[in-house]
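Thank you all for coming; I would like to take a few minutes to walk through one model with you, going from a pair of charged side chains outward to the sheets. Please have the sequence and the structure open while I talk.

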Amino acid sequence: MLETVAASPDIDVLMNDIGRKAKAAARPLGFASTEAKNKALHAMADAILANKADILAENAKDLKDIEGSETLASFVDRLTLNDKRIAEMAEGIRAIAALADPVGEIIAAWDRPNGLKIERVRTPLGVIGVIFESRPNVTADAGALCLKAGNAVILRCGSDSRRSSQAIHACMVQGLKVARLPEHAIQLVPVTDRAAVGAMLRGLDGAIDVIVPRGGKSLVARVQTEARVPVFAHLEGLCHIYVDASADIEMAKQIVVNAKMRRTGICGAAETLLVDSAAIGTHLKPLLEVLTEAGCEIRASADVLKIAPGLKPATEEDWSTEYLDAIISVAVVDGISGAIGHIQKYSSNHTEAVIAEDAQVVERFFTEVDSAILLHNASTQFADGGEFGMGAEIGIATGKMHARGPVGVEQLTSFKYRVRGAGQTRP
């Protein structure tokens with residue numbers, strides 16, 4: 001298992017060495033066989049299950065370190081591992097192994113009038129830097145996804161999940177060794193010094209090809225401000241649900257409670273509920289009741305307070321707050337137009353849902369709302385690469401360049417052109 005290295009003025013030396021090792025590992029990994037990569041992945045899953053007791057013991061130490069601190073329950077939930085989550089981690093790695101290998105896939109092919117045959121082919125990105133907080137399972141998800149896509153990866157976890165991540169990382173390295181792949185293909189930064197993040201954002205002397213941040217607002221803001229390499233931005237999940245007057249109320253109640261309360265600390269948890277003004281008399285009160293019964297605090301707009309005056313009034317800040325807790329803001333809007341207007345003003349362009357039976361309402365929602373993931377009659381908690389059939393994800397990209405939505409194996413590739421000729425010269 002990795003030992004934690006104390007912070008020192010030689011942090012750049014350490015990090016650049018990690019970068020050189022990753023770059024050296026990326027080259028043979030880029031053309032490693034599908035069989036070798038899958039062998040490594042299955043060995044990683046086996047190692048995680050075999051070392052479950054050690055992983056849980058290290059996780060218990062991480063959890064003990066935050067005892068007594070003013071930590072949100074959602075943060076503790078993200079940090080906590082148990083038998084079920086470790087089994088799911090291993091299952092996720094095996095699901096990635098079962099995916100088609102994207103490397104070498106011909107995306108498009110065409111012939112030119114002059115006889116040239118052109119192909120656009122998927123290739124690995126190279127070296128990916130992943131900076132994440134509190135979720136030790138990201139060590140397994142990111143490591144496995146990058147490997148399948150032929151990339152080396154440098155992982156930098158938060159200090160809160162250090163021990164858990166180290167225990168999981170040891171299993172990932174074990175899998176690489178079983179398959180005789182470069183063991184530096186998956187590296188975990190062995191220091192908690194924040195200077196290591198700065199070194200990664202500077203690119204490690206040209207070693208890192210892309211950075212993926214997965215964490216809170218402050219981390220993502222720092223990455224976007226300081227990064228000198230491309231970033232797959234994972235912004236906060238200000239997710240909205242719009243309940244139209246045409247919605248089936250029983251369906252709406254089930255979806256809204258699940259979207260908010262299944263796991264409040266994930267980025268796909270709903271933070272704002274919008275209810276059609278035409279449904280105030282039929283839908284609003286039942287939705288407020290089921291949320292309250294589920295233990296959710298409601299921050300209500302003025303129109304909602306007229307129906308339920310005992311609720312806490314919403315402030316302007318509430319509409320742009322990712323609670324990551326059992327809290328939801330609720331507003332009445334003027335139909336689909338009002339819902340779209342509210343979402344355009346406050347959304348982080350992560351995930352939005354519409355609950356409606358009116359096909360025209362759904363079509364407008366899908367056409368006019370510009371977020372990475374849109375759902376109809378389904379919970380926002382499906383905003384997850386595993387639920388999309390991607391095995392797992394590194395994050396949900398909310399930008400518009402290269403990757404958008406769940407970042408899985410295909411999103412971790414680029415492409416090149418192969419042009420085959422028969423002696424052609426350009427006139």
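**Charged pairs, a helix face and two sheets**

Glutamate 58 and lysine 61 lie three residues apart in helix H3, which spans residues 52-65, and so they are separated by about one helical turn. Before I go further, let me say that this is a predicted model, and everything I describe should be heard with that in mind. The side chains of glutamate 58 and lysine 61 meet in a salt bridge, with a distance of 3.2 Å from N to O. As a reminder of the geometry behind such a spacing, an α-helix has 3.6 residues a turn, so residues three or four places apart point the same way. Are the two partners buried or exposed? Glutamate 58 has 13% relative accessibility and counts as buried, because the cut-off for that class is under 20%, whereas lysine 61, with a relative accessible area of 41%, is partly exposed.

The spacing of three residues comes back in helix H12, residues 302-307, where lysine 306 and aspartate 303 both lie, about one turn of the helix apart. These two residues form a salt bridge as well, and here the closest N and O atoms are 3.7 Å apart. Lysine 306 counts as exposed, at 67% relative accessibility, while aspartate 303, at 34%, counts as partly exposed. Elsewhere, Asp17, Arg20 and Lys21 are joined into one network by salt bridges that share partners.

One further pair deserves a mention, namely aspartate 77 and arginine 85, which form a salt bridge whose closest N and O atoms are 2.7 Å apart. Aspartate 77 is partly exposed, at 22% relative accessibility. How many salt bridges does a search of the whole structure find? The number is 25, so please take the pairs I have named as examples from that set.

Let me turn from charges to a helix with two distinct sides. In helix H9, residues 217-226, the buried residues are Leu219, Val220 and Val223. Looking down the axis of H9, one sees these buried residues fall within an arc of 95 degrees, so they line one face of the helix. The face of H9 that is turned away from the buried side carries the exposed residues Lys217, Ser218 and Thr225.

Now to the sheets, beginning with an open sheet of three strands in the order S1-S2-S16, whose pairing is antiparallel. S1 and S16 are the edge strands, each of them pairing on one side only, and from one strand to the next the twist averages 20 degrees. Strand S2, residues 117-124, runs antiparallel to S16 and is joined to that strand by eight bridges; within this pairing, isoleucine 118 stands opposite valine 419 in S16. On the other side, S1 and S2 pair in the antiparallel sense over five bridges, and alanine 109 has glutamate 119 in S2 as its bridge partner. The hairpin of S1 and S2 has five residues between the strands, and there glycine 115 takes a positive phi near 95 degrees.

Which residues make the nonpolar surface patch of about 470 Å²? They are Ile107, Trp110, Phe415, Tyr417 and Val419. The elements that give two or more residues to this patch are strand S1, residues 106-111, and strand S16, residues 413-420, and S16 gives the most, with three residues. The patch thus brings us back to the two edge strands of the three-stranded sheet. Phenylalanine 415, which lies in S16, is partly exposed, with a relative accessible area of 43%. Valine 419 deserves a second look, since this residue of the patch is also the one that stands opposite isoleucine 118.

Finally, there is an open sheet of seven strands in the order S10-S9-S11-S8-S7-S12-S13, with parallel pairing. Its edge strands are S10, residues 312-313, and S13, residues 373-376, each pairing on one side only. Strand S9, residues 297-300, runs parallel to S10, and two bridges join the two strands; one of the contacts to look at is arginine 299, whose bridge partner in S10 is lysine 312.

Conventions:
Residues numbered from 1 in each chain as written. Predicted model: local features only at pLDDT ≥ 70, side-chain atom pairs only at ≥ 80, totals over all residues. Heavy atoms only, no water. Patch = residues over 30% accessible without salt bridge, like charges linked within 9 Å, V, L, I, M, F, W, Y side chains within 5 Å. Areas by Shrake-Rupley, 256 points an atom, 1.4 Å probe, with all protein chains shown as cover. Salt bridge = Lys/Arg side-chain N within 4 Å of Asp/Glu carboxyl O. Helix = DSSP H or I, 4+ residues; strand = E, 2+ residues; numbered from the N terminus. Buried < 20%, exposed > 50% of the residue type's maximum accessible area, 1.4 Å probe, protein only. Pairing = 2+ DSSP bridges. Axes fitted to C-alpha atoms, helices over the stretch in contact; angles between N-to-C directions. Arc of directions from axis to C-beta.
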